[in-house]
Amino acid sequence: CGCITTLATTEVNKRNVVEHGALRPLLHLARSEDPRVQRNAAGAILNITHIDTNRDEMVRGNALPVLLDLLKSTDRDVQYYTAAALSNIAVNEQHRSAIVSINDGSVLPDLLQLLTNSSNKVKSQACLALRNLASDDCNQEKIVQLGGLVHLLPLLRNPDQETCTAAVAAVRNISIHDGNAVHIVKGSFLPELATLLTKERWPEAQCHAAGTLRNLAAEKQTSALLQSGSVDSVIDLLDNSRCPDAVLAEATAALAILCASEEALKDLMAKRGKPLCRSLLVRAKDNQDAEVRYNCIGALGHIAMEGNTHPVLLSCQPPLLQLLNTLMHNQSEPAFVHLALWVLQQLCKGGADTLQAIRISVVYQQLKNVATGAGHRSEIVELATSVMTSLAVSESQTSSPPTSPSG
């Protein structure tokens, strides 16, 4: 058994072990009462789960009941190997359904029990298994019903990077479910998530923390996010030149969602108005990641929906209208052209000063060019034409002479 464990460390051997019929003997050995034999068998099973076709064969070969029995072992190595193997198998949606269908879903409470284990490596793998199982909506809800958040919260403070990262990854998936957001907020997760955003040496944990806040923002937890200071931590990432793009993508997506909220936008503009707009503009102009740029421009567009923000937006550097002009020049990125036109459409709902600023800027001529339709998709041309119409109507309204009664 130990020989198979050692052999099943290369891609070729991992396949050969299963192809030559070693799975059934391994499952038999995994039920041994000798902890050493059981440990070696569990390690070998983990190794062969790294191949997707092997995972399929294991599910067909009734390996799951054996693994669920092993999960109850008191041996830390067996617990670790088994949780890791289940995590690998749970990458597949059909396999996840198969796992939770056994013993009335006993896998979830058993994994949650491992979160209190004294071994960080066991806790980490249990979290990763829960994360993968929580890719399914029904499991997200069930984990919360079973009290899983109570076990996960302390792990966000765990000084071990791997354990903490695995825990917040699980929380992120759990936060996708519509009804779980309120439990996460009430469970005092927001301060811990905000703290994780400051851990520059733990970028993966940062990313999952920002992703969780993004999900909570989408679930209308605006007031709680503002009151907890979490939003300030998200905004601070914009000005951190060392922040990875993967983290920024989640953070800026959260900001775009928040800026679409009247409550959040009012609070953000009152406390961070011009600095926030400037930071979004800088990232929208200079960041190399397309998703980050797109999110920042989207946030600026939501800010522009409130007319009283226009003086701030148009006075920032780099200039917003110049940025929109640059975006509209790039026909190879129609999504950005469309987004720039949408932002202009919001600005057109502003006052006379905003409209005049658009007319005298470089973006106005480019707007005319796009409206002609040369090389652009029909929906982009329609939007450009609509913006041109708004500008023309507003100009005629402001230039019409006053009327007076005759006689």
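Hi everyone, let's start with leucine 197: outside its neighbours within four places in sequence, leucine 197 is in contact with Gln206, Ala209, Ala210, Leu213, Ser230, Ser233, Val234 and Leu237. Before I go on, please keep in mind that this is a predicted model.

So where does leucine 197 sit? You'll find leucine 197 in the loop between α15 (190-196) and α16 (203-218). Is leucine 197 buried or exposed? Leucine 197 is buried, and its relative accessible area is 2%. One more number for this spot: aspartate 232 lies 35 residues from leucine 197 along the chain, and their C-alpha atoms are separated by 10 Å.

Now to helix packing, with two pairs to show you. Two packed helices are described by the angle between their axes and the distance between the axes.

The first pair on my list is helix α10 (residues 120-133) with helix α13 (residues 161-174), which pack at an angle of about 20° with axes 8 Å apart. An angle under 35 degrees counts as roughly parallel, and therefore α10 and α13 are roughly parallel to each other. The crossing of α10 past α13 is left-handed. Who meets whom here? From α10 we have Asn120, Lys123, Ser124, Cys127, Leu128 and Arg131, and they meet Glu162, Thr163, Ala166, Ala167, Ala169, Ala170 and Asn173 in α13. By type, the residues of this contact of α10 with α13 are six nonpolar, four polar and three charged.

On to the other pair. Helix α21 (residues 290-304) packs against helix α24 (residues 334-347) at an angle of about 15°, and their axes are 8 Å apart. That angle makes α21 roughly parallel to α24. Here, too, the crossing is left-handed as α21 passes α24. On the α21 side, the contact is made by Ala290, Arg293, Tyr294, Ile297, Gly298, Gly301, His302 and Ala304, while α24 brings in Ala335, Phe336, Leu339, Trp342, Val343, Gln346 and Leu347. The residues of the contact of α21 with α24 divide into 10 nonpolar, four polar and one charged.

Last topic: cysteines. How many disulfides does the structure hold? Zero. Take cysteine 259, which is in no disulfide: its nearest cysteine sulfur belongs to cysteine 277 and is 7.9 Å away. Cysteine 316 is likewise in no disulfide, and there the nearest cysteine sulfur, again that of cysteine 277, is 5.1 Å away. A disulfide needs the two sulfur atoms within 2.5 Å, so neither distance qualifies. As for burial, cysteine 259 is buried with a relative accessible area of 2%, and cysteine 316 is buried with a relative accessible area of 2%.

That's my tour, thanks for listening!

Conventions:
Residues numbered from 1 in each chain as written. Predicted model: local features only at pLDDT ≥ 70, side-chain atom pairs only at ≥ 80, totals over all residues. Heavy atoms only, no water. Buried < 20%, exposed > 50% of the residue type's maximum accessible area, 1.4 Å probe, protein only. Axes fitted to C-alpha atoms, helices over the stretch in contact; angles between N-to-C directions. Helix = DSSP H or I, 4+ residues; strand = E, 2+ residues; numbered from the N terminus. Parallel < 35°, antiparallel > 145°, perpendicular 65-115°, else oblique. Left-handed = near helix turned anticlockwise from the far one by under 90°. Contact = heavy atoms within 4.5 Å. Nonpolar A, V, L, I, M, F, W, Y, C, P; charged D, E, K, R; others polar.
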